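Thanks for sharing this one with me. I have put my comments into numbered points, so you can go through them with the viewer open.

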Amino acid sequence: MRRSRFFPRRWRAELKSIPIGRSQLHHRSPAQDGTVKYLLQLADGQIVETVGIPTQKRLTVCVSSQVGCPMACDFCATGKGNWQRNLACHEIVDQVLTVQEDFQRRVGNVVFMGMGEPLLNLDSVLAAIRSLNEDVGIGQRSLTLSTVGIPDRLRKLAKLKLQITLAVSLHASNQALRSQLVPSAQHYPLEALFADCREYVATTGRRVSFEYIVLAGVNDQPAHALELARHLRGLQSHVNLIPYNPIAEVDYQRPTANQLQTFMACLQAQHITATLRRSRGLDQDAACGQLRASQVQAAV
Ligand code: SAH
């Protein structure tokens with residue numbers, strides 16, 4: 001078993017008494033930009049992906065919360081494979097410790113943006129948030145939970161009044177387009193989702209971040225920006241634009257830098273705060289939406 005000065009004391013004590021080990025490092029793929037993708041093998045043989053994303057200022061870890069994902073978003077590689085199971089709390093925290101040890105550097109941020117839908121595994125995710133906060137020493141404000149939105153769960157999360165950042169995967173400015181891109185949206189109308197986000201802001205005092213994958217020619221027209229701005233007016237929020245990272249199964253187009261800037265400018269002209277997410281780890285399929293269980297076999 002690997003030991004390290006980064007390994008929290010409480011966990012060390014626990015591991016002495018419980019006959020479970022850490023996940024095994026199965027494969028490590030460093031990308032040209034310094035991002036490292038890890039395949040970790042769990043005790044039952046299942047494999048999950050984790051990504052370490054270093055910048056000069058901080059090291060961010062993108063963790064998985066499930067093996068596979070049942071949400072089946074059209075543009076996401078994870079949803080193209082089979083959903084297997086939820087991760088346990090220790091399997092989530094272990095991902096952060098593995099990256100911390102490998103980089104020999106403290107992890108500053110953790111984003112629940114790897115494989116899986118965190119709100120479908122809320123108990124383990126909440127326990128992991130607590131452990132990352134109390135055992136590993138990462139402030140709640142440095143933890144981000146990204147969700148496509150599950151009816152009732154956002155309200156449940158709001159009541160806990162955590163200081164984490166909530167990121168909601170929106171991706172479309174109207175219900176028809178969203179339902180097409182994100183099948184689960186058929187059961188969660190946009191109006192209800194925004195109502196729950198408003199309640200989240202009111203209860204927690206934290207703004208909500210909206211992720212918007214930009215698919216050239218699909219959701220990136222000025223009319224979409226105007227429609228989005230209308231929904232967000234008066235809601236304390238932030239829009240994070242994610243250029244589509246290509247996956248094999250679908251033929252969406254990645255927007256050009258110009259198309260992205262134009263769309264962002266349209267939002268900003270409507271006084272909507274918007275930033276662009278830089279794609280990291282693209283050459284190792286480690287960027288947003290490129291994590292998939294099926295490639296795991298190929299890497300063995
Ligand atoms: N299940 C969570 C976490 C998913 S991954 C959620 O839906 O929020 C984090 C982000 O990457 C989500 O916003 C997701 O929609 C986005 N994403 C998925 N596939 C992508 C792709 N091919 N290119 C860019 N972003 C993608």
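The points below start at the ligand and then move outward through the strands, loops and a few single residues.

1. A word on the source before anything else: this is a predicted model. Please keep that in mind while reading the distances and angles below.

2. Let me begin with the ligand. There are 18 residues around the ligand, and those that come nearest are Phe75, Ser146, Ser169, His171 and Asn245. By type, the shell consists of 9 nonpolar, 7 polar and 2 charged residues. You may want to colour the shell by these classes as you look at it.

3. Which polar backbone atoms lie close to ligand nitrogen? A nitrogen atom of the ligand sits 2.8 Å from a polar backbone atom of Asn245. For Phe75, the distance from a polar backbone atom to a ligand nitrogen is 2.9 Å, and for Gly116 the corresponding distance is 3.0 Å. On its own the ligand has 530 Å² of accessible area, and the protein covers 96% of this. The elements that give two or more residues to the shell are strands S8 (143–147), S10 (208–214) and S11 (237–243).

4. Strand S10 deserves a closer look. Of its 7 residues, 7 are buried, so S10 is largely enclosed by the rest of the structure. The cover is present on both faces: Val208, Phe210, Tyr212 and Val214 are buried on one side, and Ser209, Glu211 and Ile213 are buried on the other.

5. How does S10 pair with S9 and S11? With strand S9 (residues 165–169), S10 pairs in the parallel sense over 4 bridges, and Ala167 has Ser209 of S10 as its bridge partner. S10 and S11 also run parallel and are joined by 7 bridges. Within that pairing, Glu211 is opposite Asn240 of S11. From S10 the chain passes through helix H7 (residues 222–232) to reach S11, making a right-handed β-α-β crossover.

6. Asn240 is worth following a little further. This residue of strand S11 is buried, with a relative accessible area of 12%. Its side chain makes a polar contact with the side chain of Arg277, at 2.9 Å.

7. Away from the ligand shell, have a look at the hairpin. Strand S1 (residues 24–30) and strand S2 (residues 36–41) run antiparallel and are joined by 6 bridges; Leu25, for instance, has Leu40 of S2 as its bridge partner. Between the two strands of this hairpin there are 5 residues, and Gly34 in the turn has a positive phi of about 95°. Pro30 belongs to S1 and is partly exposed, with a relative accessible area of 44%. Pro30 is 49 residues from Gly79 in sequence, and their C-alpha atoms are 24 Å apart.

8. Two backbone angles are good ones to check by eye. Most residues other than glycine have a negative phi. Ala72, however, has a positive phi of about 55°. You will find Ala72 in the loop between strand S5 (66–67) and strand S6 (85–86), where it is partly exposed, with a relative accessible area of 36%. Asp152 is the other case, with a positive phi near 80°; its place is in the loop between S8 and helix H4 (153–159).

9. Is Pro255 buried or exposed? Pro255 is buried, with a relative accessible area of 7%, and it lies in the loop between S11 and helix H8 (257–269). Pro255 and Pro243 are separated by 12 residues in sequence and by 6.4 Å in space, C-alpha to C-alpha.

10. One last residue to visit is Asn133. It is found in helix H3 (residues 122–134) and is partly exposed, with a relative accessible area of 24%. Asn133 is 10 residues from Leu143 along the chain, and the C-alpha atoms of the two are 8.7 Å apart.

Key:
Residues are numbered from 1 along each chain as its sequence is written. This is a predicted model: local features need pLDDT of at least 70, side-chain atom pairs count only at pLDDT 80 or more; totals for chains, interfaces and linings use all residues. Side-chain values use heavy atoms; hydrogens and water are left out. A residue is near a molecule or strand if one of its heavy atoms lies within 4 Å of it. A polar contact is a pair of N or O atoms within 3.5 Å; within protein, one must be able to donate a hydrogen and the other to accept it, and residues adjacent in sequence count only if both atoms are side-chain atoms. Accessible areas come from the Shrake-Rupley method with a 1.4 Å probe; for residues, only the protein chains shown count as cover. Ala, Val, Leu, Ile, Met, Phe, Trp, Tyr, Cys and Pro count as nonpolar, Asp, Glu, Lys and Arg as charged, and the others, Gly among them, as polar. Buried means under 20% relative accessible area, exposed over 50%, partly exposed in between (1.4 Å probe, protein chains only). Two strands pair if DSSP finds at least two bridges between them. A crossover is right-handed if, with the strands pointing away from the viewer, the path from the first strand over the helix to the second runs clockwise.
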